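Me: I would like to go through this model in short questions. Please reason briefly and finish each reply on the value or name I ask for.

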Amino acid sequence: MKPFIAATLTAYVTPIQALESALWQLLMQRQVGTAVGVQLDALGKLVNQPRDGTTDADYSRYIRARISTNNSKGRYEDLLTIARLVLTDTTLQIRISQEGAATIRMRIVGVITDSTAAILVSFVAAAAAAGVRLVVQWSSVATAAAFKLDAGPGWDVGNLAAGIG
């Protein structure tokens, strides 16, 4: 490249590079996946999602879930997407079925805390179609701990014998 052209380009590009770097940084700090702290709070206000003392990682997930909730058309796929955004455990199974004319049942197969379930219910209830009854089922204890028979020879022996017999 000729020295004159190189000098001319450098004179024009150098001040613009600082502006581009500043704009790029601003863009990166305003995305849900990369924003932290105050920037995340600003995004939460835009989509009407309160922080409620959550960590940045959880708040980022809830903002994504709120965006999906706000854009929901009440379809199964929308409810499933929202549930996956709220629940971080990939081992959980989410089963959605229609019952009757206007009832949807969502079953969470696995163990989640009651506080996480309450958050999930608030999101999916807001996303469900108008006039549709939504039933969400979950367990906060493992199935094995919820019910089991005592070891022994039969139904008439053990702690549950008085209630069964």
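Me: Is glutamate 99 buried, partly exposed or exposed?
Reply: The model is predicted, so local features need pLDDT of at least 70 and side-chain atom pairs count only at pLDDT 80 or more, while totals for chains, interfaces and linings use all residues. Residues are numbered from 1 along each chain as its sequence is written, and side-chain values use heavy atoms, with hydrogens and water left out. Buried means under 20% relative accessible area, exposed over 50%, and partly exposed in between (1.4 Å probe, protein chains only). Glutamate 99 has 28% relative accessibility, so it counts as partly exposed.

Me: Which side chain meets glutamate 99 in a salt bridge?
Reply: A salt bridge is a side-chain nitrogen of Lys or Arg within 4 Å of a carboxyl oxygen of Asp or Glu. Here the N to O distance is 3.7 Å. The partner has a relative accessible area of 32%, so it is partly exposed. The partner of glutamate 99 is arginine 107.

Me: How many salt bridges does a search of the whole structure find?
Reply: Side chains of opposite charge can pair when their charged atoms come close. One such pair is aspartate 56 with arginine 51, with the closest N and O atoms 2.7 Å apart. The search of the whole structure gives a count of six.

Me: Which residues are linked with Arg51 in a network of salt bridges?
Reply: Arginine 51 forms a salt bridge with aspartate 56. Aspartate 56 is partly exposed, at 30% relative accessibility. The network links Arg51 with Asp41 and Asp56.

Me: How far apart in sequence are arginine 61 and aspartate 58 in helix H3?
Reply: Helices (H or I, at least four residues) and strands (E, at least two) are DSSP runs, numbered from the N terminus. The two side chains meet in a salt bridge at 2.5 Å, N to O. Arginine 61 is buried at 19% relative accessible area, whereas aspartate 58 is partly exposed at 26%. Along H3, about one turn of the helix separates them: three residues.

Me: At which residue does H1 kink?
Reply: Helix H1 (residues 3-29) reaches 38 Å from first C-alpha to last, close to the 39 Å expected at 1.5 Å a residue. That expected span is 1.5 Å times one less than the number of residues. The bend at a residue is the angle between axes fitted to the seven residues ending there and the seven starting there. In H1 a kink of about 30° lies shortly before proline 15, at valine 13.

Me: What class of aromatic pair do tyrosine 62 and phenylalanine 123 form?
Reply: Rings of Phe, Tyr and Trp (its six-membered ring) pair if their centres lie within 6.5 Å; planes under 30 degrees apart count as stacked, over 60 as edge-to-face and the rest as tilted. By this rule there is one aromatic pair. Its centres are 6.1 Å apart with 40° between the planes, and the class is tilted.

Me: How far apart in sequence are the parts which that pair ties together?
Reply: Tyrosine 62 is buried at 8% relative accessibility. Phenylalanine 123 is buried at 2%. Tyrosine 62 lies in helix H3 (residues 56-70) and phenylalanine 123 in helix H5 (residues 114-127), so the pair ties together parts at a sequence distance of 61 residues.

Me: Which element supplies the largest share of the largest nonpolar core?
Reply: A nonpolar core is a set of buried Ala, Val, Leu, Ile, Met, Phe, Trp, Tyr and Cys residues joined through side-chain atoms within 4.5 Å. Of its 19 residues, Leu87, Met106, Ile108, Leu120 and Val124 touch the most other members. H3, helix H4 (76-86), S2 and H5 each supply at least two residues. The largest share is five residues, from H5.

Me: Which residues does threonine 103 contact beyond its neighbours within four places in sequence?
Reply: Threonine 103 lies in strand S2 (residues 103-111). Its relative accessible area is 13%, so it is buried. Contact means heavy atoms within 4.5 Å. Threonine 103 is in contact with Ser97, Gln98, Arg133 and Val135.
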